Amino acid sequence: MDSGRSAVHLPSGSEVGHDEARTLVLRFLRGDIRADPYPVLNRLREAGPVWLGDGVVVLSSYAHCAAALRAADPAPAPTGVCPVPISRLHRVLHRALNAQAVADLAPLVRTFVDDRLDSVAARGRLDVVSDLAHPVPLAVLSRLLGLPDGDAQWLHRRLTALGAAPVLPIAGTGGPPVPAARCEAETELETYLAAAARGRRLGEDSGDLLSRLVRADGARLTDAEAAAAGRFLLASGYETTAALVSGGVLALLRAPHEIDALLRDPGHAVRLVEETLRVDPPMQIVRRRAGADLDLCGMRVPRGTLLLLLLGAAHRDPALTPHPDVFTTDGVSPHLGFGANPHHCVGAPLARLVAQTVLVRFAQRVTGPRFAVGSTSYRPSAELRGLRALWVDADGFAVRDLPWQPAASGLPAPPSSAHAARAAAGRTS
C-alpha cells in the first residue's frame, strides 16, 4: 500500500510576509518537507520573489523563472573548475546528442529495459529505483561514452555522492558545507574519464562519444576537456533521469488508468513524461547568476546576484493552467524541467527516450502492479527530488518477446519548446 504524501497545511488567500516567506524557503532548502513540498512551494509563489540577503533571490513564479533561465548565466559549480566554457560544452554535446544520434539508441535502451525486467521476473516484485531507474540510464550513458559495463557500480557510487547533499553554500540558509565525499567523487571521476579519453586519443577510434570528442576535426577537445564533458553528461543526466523514471512509474501507480492508456497507445508515454516533469520535476532548484544588471518581469536584479529558481513552484503556477496541482495528460502544459534557451539541457532527448521506454515496457510487462509495502520516501536533497525506493508487487511479468508497439503506433516527439512557449503565452494573456 502507499500511505500517500504527508500533507503540509498552510493558510491560503492571505498575504505572505517576508519573515514567513524566508522561513518557508529555509524549510524547503533544508529538505524538511520532502514527502510533499508543494503546499509550501505554492505558498512561496504567492509571496513573490524572496530576497535572502548576501546577493541571493528566490524566484517561484513561472514568468520569473522562465525570464531568469533566458537572461542569466548558469551559476558556477560549487566545487572543481571546468576547463571548458559552459557555452562550448553545450555546443559540443548538442552536436553529439542530436536527434538522430538519440533515435539510434532506442533499440539499445529497449534491450537494457527488458534485461532489467527479466532479472526480477522470478522474484515477483521489483524496486523501481534500484532495478530500473538507476541501472538503465547508467547503462545507456556508459555505452554512449564507451565505459566498461563492469564499472557500473563504481560509477554509481561516485555519481550518487555528487548529489548526496544539498549544494547550496549560501550564508544564512542553514545549508551544509560541500561534503568531502562529493569533492573526492568529482576528482575521481575527472581522473577516470581523463584516462579513458587519453586511451581513445592514443588508440583506435572506437566510435563512442569520448572518441568523437578527442578526435573531432575542428572541434577536438583535450583529454581534460573531454573528461569534463563526460562528467557533465554523467552528473547532469544520471540522477535526474533516474528520478524522472521513478517519478513516472509512481504516477502510473497512483493513476492506473494511465497504464491502460499506455497499453492502448505506447505514444501516450510522451504526455506522461511531460506531465511528470511539470507536476513533480526531478530538478526542484536551478541556480543562475546575473552576469549583468537584469530586468526580470519588472524586477531589478543587480549584477552578481545568485538566483534560485524553484521549478516545483513555477510549474504549478495558476497562470498556466486552471488546475495546476492535478496530474493530467489532457492538453499541453509548459514546464521548465529541461531549462530554456540558450541553456536548454543537452541530455533532454536522451532522458525523454529512457523515461518513455521504461514507462511503456513497465505497463506492458508488469501485470497487476501495486504498491508493495510502506510509503514512498525521498532523498533529503532539496535540489533533486529522487525516491529512495519504490517497491512494487506484481501478479506476473509478461515475456520478453511481447511486441513493443501495436501496428501503426509509435513514440511521437514531445512538444517543441516553441509550442510550449506559445501555449504558455496563450494561458497567461
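This is a short walk through the structure, stop by stop, with something to select at each one. Keep in mind that you are looking at a predicted model.

**The whole chain**

Start with a cartoon of everything. The protein has 17 helices and 14 strands. Of its 429 residues, 54% are buried. Take contacts between residues at least 6 apart in sequence: 76% of them join residues at least 24 apart. Switch on the surface and you have about 17,700 Å² of accessible area, with 55% of that belonging to carbon and sulfur atoms.

**The five-stranded sheet**

Now hide the surface and pick out β1, β2, β8, β5 and β3. In that order they make an open sheet with mixed pairing. Its edge strands are β1 (50-53) and β3 (73-74), each of which pairs on one side only. Strands in a sheet pair through backbone hydrogen bonds, parallel or antiparallel.

Begin at the β1 edge. β1 pairs with β2 in the antiparallel sense, over 3 bridges, and Val50 stands opposite Val58 in β2. These two strands form a hairpin with 2 residues between them. Click on Asp54 in that turn: its phi is positive, about 55°.

Then cross to the other edge. β3 runs antiparallel to β5 (residues 285-289), with 2 bridges. Select Asp73 and look across to β5, where its bridge partner is Arg289. Next, add helix α1 (residues 18-29), which packs on the sheet and touches β1, β2 (56-59), β5 and β8 (306-310). The direction of α1 makes about 75° with that of β1.

**Ser60**

Go to the loop between β2 and α3 (62-71), where you will find Ser60. Is Ser60 buried or exposed? Ser60 counts as buried because its relative accessibility is 4%, and the cut-off for buried is under 20%. Show its side chain and you can see it reach the backbone oxygen of Leu44 at 3.3 Å. Leaving aside neighbours within four places in sequence, the residues in contact with Ser60 are Leu44, Arg45, Gly48, Cys65, Leu310, Ala313 and Ala314.

**The nonpolar cores**

Which residues touch the most other members of the largest nonpolar core? Select Leu126, Leu147, Phe362 and Leu390: those are the ones, out of 83 residues in that core. Helix α12 (residues 223-254) gives the core its largest share, 13 residues.

Zoom in on Leu147. Not counting residues up to four places away in sequence, Leu147 touches Ser142, Leu155, Tyr192, Leu193, Ala196, Arg200, Leu210 and Leu234. Apart from the largest core lies another one, of 22 residues, including Tyr62, Ala68, Leu69 and Leu307.

**Two last stops**

Select Cys297, in the loop between β6 (294-296) and β7 (299-301). What is the phi of Cys297? It is positive, about 55°, although Cys297 is not a glycine. For context, most residues other than glycine have a negative phi.

Finish at Ala101, in helix α5 (residues 99-104). Ala101 has 25% relative accessibility, so it counts as partly exposed. Now draw a distance from its C-alpha atom to that of Leu350: the two are 249 residues apart along the chain, with 9.3 Å separating those atoms.

Terms used. Residues are numbered from 1 along each chain as its sequence is written. This is a predicted model: local features need pLDDT of at least 70, side-chain atom pairs count only at pLDDT 80 or more; totals for chains, interfaces and linings use all residues. Side-chain values use heavy atoms; hydrogens and water are left out. Helices (H or I, at least four residues) and strands (E, at least two) are DSSP runs, numbered from the N terminus. Buried means under 20% relative accessible area, exposed over 50%, partly exposed in between (1.4 Å probe, protein chains only). Contact means heavy atoms within 4.5 Å. Accessible areas come from the Shrake-Rupley method with a 1.4 Å probe; for residues, only the protein chains shown count as cover. Two strands pair if DSSP finds at least two bridges between them. Axes are lines fitted to C-alpha atoms, for helices over the stretch in contact, and angles run from 0 to 180 degrees between N-to-C directions. A polar contact is a pair of N or O atoms within 3.5 Å; within protein, one must be able to donate a hydrogen and the other to accept it, and residues adjacent in sequence count only if both atoms are side-chain atoms. A nonpolar core is a set of buried Ala, Val, Leu, Ile, Met, Phe, Trp, Tyr and Cys residues joined through side-chain atoms within 4.5 Å.
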